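Biologist: Please take a close look at one loop and then at what surrounds it in the fold. I would like the answer in one piece, with the values given as they are.

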Amino acid sequence: MTIAENRKARFDYHIEERHETGVVLEGWEVKAIRSGQVQLTDGYVVIRDGELYLIGCRINALRSASTHVRPEADRTKKLLMHKDEIRRLIGKVEQKGYTLVPLDLHYKAGRVKAEIALAKGKAQHDKRETEKKRDWEREKGRLMRHKVSSNPNKE
């Protein structure tokens, strides 16, 4: 089940590989995520000291948060992956000009997981091409629906 999705990432980047990672969260963050108080649009993944961190994922605290907890909405969250997978990603990011972007947050076996992607940025003309394809698919669907619904030879 998808919690939050980063649709902007699919528009701005060519997605090469997808990886599922665990996310280190605090208790108040899990409660806020369950109530839908999460935004992933401006998020990105950085590599520090051989570990992955999710930055820019905003989790707004609930009003009923505990009084002894100081919730920070834009806290940096650690992502969990196997060391060899992280090393392979580091090599690609450093050598080939790739970047790591979060695609979505979802539940798996009661845990919150993040799907990150190894991606290359799109040029402006690629973004325009993506928009043209999307608009054409939408228009084609409208034409097909109109053609099917107004077919006079239907028996």
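Biologist: In which loop is E26 found?

Modeller: The model is predicted, and everything below should be read with that in mind. E26 is found in the loop between strand 2 and helix 2, the latter covering residues 27-34. With a relative accessibility of 35%, E26 counts as partly exposed, because buried is the word for values under 20% and exposed for values over 50%. E26 also has a distant residue in sequence to set beside it: K77 is 51 residues away along the chain, yet the two C-alpha atoms are separated by 9.4 Å.

K77 leads to the strand on which it lies. Strand 7 takes in residues 77-80 and runs antiparallel to strand 2, residues 13-23, with 2 bridges joining them. One of the residues involved is G22 of strand 2, whose bridge partner in strand 7 is L80.

That pair belongs to a wider sheet. The sheet is open, has 7 strands in the order 1-8-9-2-7-5-4, and is paired in the antiparallel sense. Its edges are strand 1 (2-5) and strand 4 (44-48); each has a single partner strand, so on one side each is left without a neighbour in the sheet. From one strand to the next, the twist averages 40°.

Take the edge with strand 1 next. Strand 1 pairs with strand 8 over 3 bridges, in the antiparallel sense, and E5 stands opposite D104 of strand 8. Strand 8 itself is mostly covered, with 8 of its 10 residues buried. Just past strand 1, in the loop that leads to helix 1 (7-12), lies N6. N6 has a relative accessibility of 2% and is therefore counted as buried. The N6 side chain reaches the backbone oxygen of P102 at 3.0 Å. Once neighbours within four places in sequence are set aside, the contacts of N6 are L40, T41, G43, P102 and L103.

Strand 8 continues into strand 9 through a hairpin with 2 residues between the strands. The two strands are antiparallel and share 9 bridges, and one of the pairings sets H106 against K113 in strand 9. A109 is placed in the loop between strand 8 and strand 9. Its phi is near 55°, a positive value in a residue other than glycine. A109 has a relative accessible area of 81% and so counts as exposed.

The edge with strand 4 has a hairpin too. Strand 4 pairs with strand 5 in the antiparallel sense over 5 bridges, and V45 has L54 as its bridge partner in strand 5. Here 2 residues lie between the strands, and D49 takes a positive phi near 55°. D49 is not a glycine. Its relative accessible area is 78%, so D49 is exposed. R48 comes next to consider: its charged end sits over the ring of Y53, 5.2 Å from the ring centre.

Another such arrangement is found with K120, whose charged end sits over the ring of Y98 at 5.0 Å from its centre. As for pairs of aromatic rings, the count comes to 0.

Across the sheet lies helix 3, residues 83-96. It lies across strand 2, strand 4, strand 5 (51-55), strand 8 (99-108) and strand 9 (111-121), and runs at about 25° to strand 9.

The last stop is the far end of strand 9. K122 is found in the loop between strand 9 and helix 4, which covers residues 124-149. At 15% relative accessibility, under the 20% limit, K122 counts as buried and therefore differs in class from the partly exposed E26. Not counting residues up to four places away in sequence, K122 touches R10, F11, D12, Y13, H14, K127 and T130. L143 stands 21 residues from K122 in sequence, and their C-alpha atoms are 30 Å apart in space.

To return to the question, E26 sits in the loop that joins strand 2 to helix 2, and strand 2 is in turn joined by 2 bridges to strand 7.

How values were computed. Residues numbered from 1 in each chain as written. Predicted model: local features only at pLDDT ≥ 70, side-chain atom pairs only at ≥ 80, totals over all residues. Heavy atoms only, no water. Phe/Tyr/Trp six-rings, centres within 6.5 Å; stacked < 30°, edge-to-face > 60°. Lys NZ or Arg CZ within 6 Å of the ring centre and 35° of its normal. Pairing = 2+ DSSP bridges. Helix = DSSP H or I, 4+ residues; strand = E, 2+ residues; numbered from the N terminus. Axes fitted to C-alpha atoms, helices over the stretch in contact; angles between N-to-C directions. Contact = heavy atoms within 4.5 Å. Buried < 20%, exposed > 50% of the residue type's maximum accessible area, 1.4 Å probe, protein only. Polar contact = N/O pair within 3.5 Å; in protein donor to acceptor, adjacent residues only side chain to side chain.
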